Amino acid sequence: MTGFDITGWGMSVPERIVTSAELAERFGVDEHWITSRCGIRERRAVDPGQTTASLAVEAGRRALEKAGLTGADIAHLIVATATPEQPSPATSAFVHHELGISGSAHDVNSECAGFVYGLVSAMALIGIDPRPILLIGSDTHTLTANPADRDLSILVGDGAGAIVIQPGAENRVKAWNLGADGSCAGSLKVLAGGSRMPTTQETLDAGLHYAQINGNEIYLNAVRYTVRTVRETLENAKVDAADVDHVVPHQANIRIINSILSHTGLRQEALITNLQKYGNTASASIPIALTEALDEGRIKVGDKVLLAGFGAGMTWGSILMEWGGVAA
């Protein structure tokens, strides 16, 4: 496998903050009920004019600046998103144009596991074409949540995170694992707007263009499958959970994250989490948490970093790498 290093990173979140106190008043519940249920105190929401692509462009621009590159240097752009700019073309087309990318562009939709899927795809791509890749995770799920849906509205936030991947001398990846279980596709879904159920006035009136979630199924399967993927990755890497320096999980719900830690033996001290500030930003949650940890100097060269994500579908994935030659 061709080695690679992550040489740039960046993030973008909307300025508008939606607090749990605000949502508690809207839904007639106690603020403590929200924070104890999911650990989220506030989340960011796009204003009119802000989109999945505009957030992705800002995060991507910051990652390129950090790496000392421009869009003209990028051979491949991958955008992980489940809330695309529009049904067609891919969101990456808009980002490609705004950033002046010279190479290819495509989207990955693996919901909240999208960034890990995108990173594994980038690893494969750089193995056959060792040139710089820009990987972005960006989602605006506040736009897909029914404003009357309390359970989903308290969870989701908007944002984007990006990394630049460049060929390196060493293989930093110790192991990785991806998986999916399509029988769970009904756990979190948007029914209308695709070929199975085209948008009509009836679907709009019924609110079928909004996301629907079965929270209990998502919770149980998220824990089960994330525990499985983390165990398989650590086993394949021959690394003990206690020896992982940093764990960057999908920032979905603090109860899910803590359950994953308790079932895998990963250390609480290794956990990198910021969902209390941003909520569940789906494909963007891992790169946003990674960016903040790098900017704060928490991750050092040589540290073992584990990324783990899970999402609707269901999909899941994890990757263990030794941090390369670039840190904050």
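**Exercise 1. Describe how strand E6 (residues 133-140) and strand E7 (residues 158-168) pair, and place them in their sheet.**

Solution. Strands E6 and E7 run antiparallel to each other and are joined over eight bridges, where strands are DSSP runs of E with at least two residues, numbered from the N terminus, and two strands pair if DSSP finds at least two bridges between them. Within this pairing, Ser-138 stands opposite Ala-160 in E7. Next, the sheet is an open one of five strands with mixed pairing, in the order E1-E7-E6-E4-E5. At its edges lie strand E1 (3-12) and strand E5 (104-108), each of which pairs on one side only. Finally, the twist from one strand to the next averages 20°.

The model is a predicted one, in which local features need pLDDT of at least 70 and side-chain atom pairs count only at pLDDT 80 or more, while totals for chains, interfaces and linings use all residues. Residues are numbered from 1 along each chain as its sequence is written, and side-chain values use heavy atoms, leaving out hydrogens and water.

**Exercise 2. Classify the one aromatic pair that the structure holds.**

Solution. A pair of aromatic rings is described by the distance of the centres and the angle of the planes. The ring centres of Tyr-225 and Trp-316 are 4.0 Å apart and their planes meet at 5°, so the pair is stacked (centres within 6.5 Å, planes under 30 degrees apart, with the six-membered ring used for Trp). Tyr-225 belongs to helix H8 (residues 215-237) and Trp-316 to strand E13 (residues 315-322), so that the pair links distant parts of the chain, 91 residues apart.

**Exercise 3. Decide whether Tyr-225 is buried or exposed.**

Solution. Tyr-225 has 4% relative accessibility and therefore counts as buried (under 20% relative accessible area, with a 1.4 Å probe and protein chains only). Its partner Trp-316, with a relative accessible area of 5%, is buried.

How values were computed: Phe/Tyr/Trp six-rings, centres within 6.5 Å; stacked < 30°, edge-to-face > 60°. Helix = DSSP H or I, 4+ residues; strand = E, 2+ residues; numbered from the N terminus. Buried < 20%, exposed > 50% of the residue type's maximum accessible area, 1.4 Å probe, protein only. Axes fitted to C-alpha atoms, helices over the stretch in contact; angles between N-to-C directions.
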